[in-house]
Structure formats: structure tokens, C-alpha cells
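Visitor: I would like a close look at a single helix and the way its buried side is covered. Please take one part of the protein, go through it slowly, and then place it in the rest of the fold.

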Amino acid sequence: MLKISYGFRPKRTTVAQILALRRIIEGVKGNNLTAILTFIDFKKAFDSIYRGKMMQILRAYGIPSNLLRAIERMYTNTKARVISPDGVTELFDITAGVLQGDTLAPFLFIIVLDHAMRQAISGREEELGFTIHPGKSRRHPKVVLTDLDFAYDISLLSDEIEQAQKLLTSVERACKKVGLGINAKKTKGLPINIEDSPPLHTSDGTELEWVDDFKYLVSWVEQTERDIAVRKSLAWQALNGMSRIWRSSLSKELKVRFFEGTVESILLYGCEAWALTEAMEHSLARTYTRMLRKALSIHWSSHTPN
């Protein structure tokens with residue numbers, strides 16, 4: 001059984017998750033298989049974690065007692081007040097959520113979320129997940145993937161619609177126990193090679209929207225052409241927004257560093273996961289050259305070679 005969970009960990013980037021998802025989609029289409037991808041969005045994720053439940057989970061995960069005491073002290077008897085044009089409110093207790101801006105908060109959050117996902121899925125992978133490799137024998141059981149996680153950006157994977165509904169319901173119930181609620185308006189389903197399927201729904205009966213593509217970790221995962229078009233548009237916006245820098249008297253070396261750190265990084269974000277045709281590669285090269293020439297104030301009539 002496979003579970004791929006990244007986020008707030010060294011050498012674990014968004015690109016690896018995007019690549020995994022794209023390769024799965026390509027394999028499903030290329031082999032005429034079926035799959036349901038469910039992209040979950042949580043309501044106010046960091047502000048909703050039950051603190052009492054969080055401490056129980058930390059103990060269960062074997063966090064050293066001295067660290068537990070320090071964390072518990074940070075999250076006990078916390079209060080806040082609101083400053084408004086009409087004055088300051090009375091102090092009120094804060095009983096949920098991790099501390100925003102605290103360097104420890106992301107780690108506390110993903111430990112709680114990891115616990116919820118394990119409670120929802122552990123032991124039911126073959127029943128609920130997407131089949132990577134069919135089983136051959138007892139010694140070689142099938143390989144199943146149930147979810148791709150990067151922090152709170154979660155994609156659930158199943159073979160069929162019935163499995164996807166069971167998986168979604170199980171995850172929703174487990175997450176509710178730790179304070180996390182699913183945002184039905186932003187949670188989407190992506191069916192592949194499945195037509196006229198009934199919609200997925202949350203526990204309160206809200207139907208989820210089917211989509212033909214989804215922006216996961218800031219990249220469109222189903223169509224490389226669409227993702228490249230979006231990257232080009234965003235890169236041009238960044239380039240044009242820095243016109244004062246390109247027209248300035250800064251050195252060429254410094255302008256190139258600005259270009260690489262802003263425009264290039266936007267244009268090529270997620271490029272390691274792209275499946276490029278020769279035409280797409282040439283189009284990207286032309287766009288990159290035009291952008292670089294503008295950044296260095298090289299006019300087309302100057303006959304400067306690329």
C-alpha cells in the first residue's frame with residue numbers, strides 16, 4: 001500500500017506531488033482505465049484543530065514529555081481580544097487552532113492531519129484506493145494508492161465512484177473528530193474515463209462539483225498545455241510589472257538575477273512535471289527569449305543573437 005505525504009519537510013517539494021498526479025492521469029488515460037480524484041479543501045484548517053485532541057495525538061505519536069509540557073503550556077489558557085473602531089472587546093478564550101506564525105504550528109498541524117488520515121484509511125486501502133499494479137498472488141498483492149498529501153492539500157484516489165464516495169465519507173468523519181471540516185464549495189471531483197457518474201456528496205448531503213481539470217498546488221494537473229498557458233500569462237504579468245527595473249541603470253548581471261528569481265521561476269514552476277511536445281518546447285523557448293530580451297532592453301532590430 002502506498003501513501004505519499006509531503007509538506008513542511010526537507011527536500012519534499014510540490015513538484016514531486018504534481019508529477020505523481022500527472023503520471024497517474026496519463027497512465028489511466030493511456031491504458032483506458034478509470035479513476036476518481038477528489039481534491040479536498042478544509043474550512044479554516046489551521047484555526048479549527050481541537051487542542052485537547054492535538055495533545056492526545058502528540059502523546060500517541062511518542063513526542064518526548066518535556067516537549068509535550070512546553071507545547072501544552074503554550075496552548076493552555078490562551079486568550080484574545082478584538083480591537084475595532086468602537087473600542088476593545090473583553091478577553092475571550094481560544095480553545096481551537098494552532099498559533100499562526102509560530103514555526104512549530106505547521107508540524108503540529110500535519111501530525112494531527114496525518115493521524116486523521118490514518119484513522120480514515122489504514123487497513124482499508126485495497127477496498128478504497130486506486131490500483132497502481134493488480135495483484136498476482138498472495139506473495140505479490142496489488143499495489144494501491146489512496147491519497148497524495150502536501151500539508152493540507154489532499155487528493156484522494158479511487159478506481160470507481162462507489163469507492164471514491166466511501167473514501168471521502170471516511171476521511172470527512174475522521175477529520176471532524178480532530179476539528180477539521182470539509183469545504184464543500186471548494187472540494188472538487190475529477191473523473192477520468194467515467195461518464196455520467198452521480199456526484200460525490202458530503203455527509204450533510206451537499207453535492208460536489210465535477211471538473212475536467214483542477215489546479216493542485218498551483219498547477220493544472222490534467223492538461224499540460226493549459227498549465228503552460230497560465231505560467232506564461234503570470235510570467236508576463238511579473239515581467240511587465242517590473243518595467244522600472246528593466247529600464248534602470250542596474251548592471252546586466254543584477255537584472256539577470258532579478259529575472260531568474262522572479263520571471264523565470266514563475267514561468268518554469270512545475271516544469272519538471274510537464275510532458276512536452278516538440279512544438280510546446282519551441283513555444284516555451286521563444287517566450288523565454290522574448291522575456292529575457294525585454295528584461296535586458298534588447299530591441300528586436302539590434303540583430304543581437306539569441
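Guide: What follows starts with one helix, α3, and works outward from there.

The model is a predicted one. The protein has 306 residues, of which 42% count as buried. Its secondary structure consists of 11 helices and 13 strands, and the C-alpha atoms fill a box of roughly 70 × 65 × 40 Å along the principal axes. Among contacts with a separation of 6 or more, 68% are between residues 24 or more positions apart.

Helix α3 spans residues 51-60, and its buried residues are R51, M54, M55, I57 and L58. Viewed down the axis of α3, these buried residues fall within an arc of 160 degrees, so they line one face of the helix. The cover over them includes α4 (65-74) and α5 (105-121). After α3 comes G62, which has a positive phi, near 80 degrees.

Take the cover from α4 next. The axes of α3 and α4 come within 11 Å and cross at roughly 170 degrees. An angle over 145 degrees counts as roughly antiparallel, so that is the relation of α3 to α4. On the α3 side the contact uses M54, M55, L58 and R59, which meet L68, I71 and E72 of α4. By class, the residues of this contact are 5 nonpolar, no polar and 2 charged. M54, M55 and L58 therefore appear twice: they are among the buried residues of α3, and they also take part in the contact with α4.

M54 leads on to the interior of the protein. In soluble globular proteins, nonpolar side chains tend to be buried together. Here the largest nonpolar core has 42 residues, and M54 is listed with F42, V171 and L180 as having the most contacts inside it. The elements that each supply at least two residues of this core include α3, α4 and α5, along with β2 (35-40), α2 (45-48), β9 (153-158) and α7 (161-176). The helix that gives the most is α5, with 11 residues. So α5 has two roles in this account, since α5 is part of the cover over the buried residues of α3 and is also the main contributor to the core.

V171 shows what one of these core residues touches. Leaving out residues up to four places away in sequence, V171 is in contact with I40, M117, A120, I121 and L156. There is also a second, separate core, with 22 residues, including I24, L37, F39 and A273.

Between β9 and α7 there is a loop, and E160 is found in it. E160 is partly exposed, with a relative accessible area of 37%. Apart from residues up to four places away in sequence, E160 touches T34 and I36. E160 and S243 are 83 residues apart along the chain, and their C-alpha atoms are separated by 51 Å.

T34 is touched by a second loop residue as well. N193, in the loop between β10 (188-192) and β11 (209-210), touches V28, K29, N32, L33 and T34 when residues up to four places away in sequence are not counted. N193 is partly exposed, at 38% relative accessible area. From N193 to T206 the distance is 24 Å, C-alpha to C-alpha, for 13 residues in sequence.

K29 gives a link to E222, which sits in the loop between β13 and α8. The contacts of E222, leaving aside neighbours within four places in sequence, are I25, K29, L190, D212 and D213. With a relative accessible area of 17%, E222 is buried. S219 lies in strand β13 (residues 219-220) and is buried too, at 0% relative accessibility. With the same neighbours left aside, S219 is in contact with I18, R22, F214, D227 and Y269.

Last comes a second helix pair, to set beside α3 and α4. Helix α8 (residues 224-241) packs with α11 (residues 278-295) at an angle of about 5 degrees, their axes 11 Å apart. That makes α8 roughly parallel to α11, whereas α3 is roughly antiparallel to α4. Among the residues of α8 in the contact are I228, W236 and L239, and those of α11 include M280, L284 and M291. This contact divides into 8 nonpolar, 4 polar and 4 charged residues.

Technical notes
Residues are numbered from 1 along each chain as its sequence is written. Side-chain values use heavy atoms; hydrogens and water are left out. Buried means under 20% relative accessible area, exposed over 50%, partly exposed in between (1.4 Å probe, protein chains only). Helices (H or I, at least four residues) and strands (E, at least two) are DSSP runs, numbered from the N terminus. The arc is that of the directions from the helix axis to the C-beta atoms. Contact means heavy atoms within 4.5 Å. Axes are lines fitted to C-alpha atoms, for helices over the stretch in contact, and angles run from 0 to 180 degrees between N-to-C directions. Angles under 35 degrees count as roughly parallel, over 145 as roughly antiparallel, 65 to 115 as roughly perpendicular and the rest as oblique. Ala, Val, Leu, Ile, Met, Phe, Trp, Tyr, Cys and Pro count as nonpolar, Asp, Glu, Lys and Arg as charged, and the others, Gly among them, as polar. A nonpolar core is a set of buried Ala, Val, Leu, Ile, Met, Phe, Trp, Tyr and Cys residues joined through side-chain atoms within 4.5 Å.
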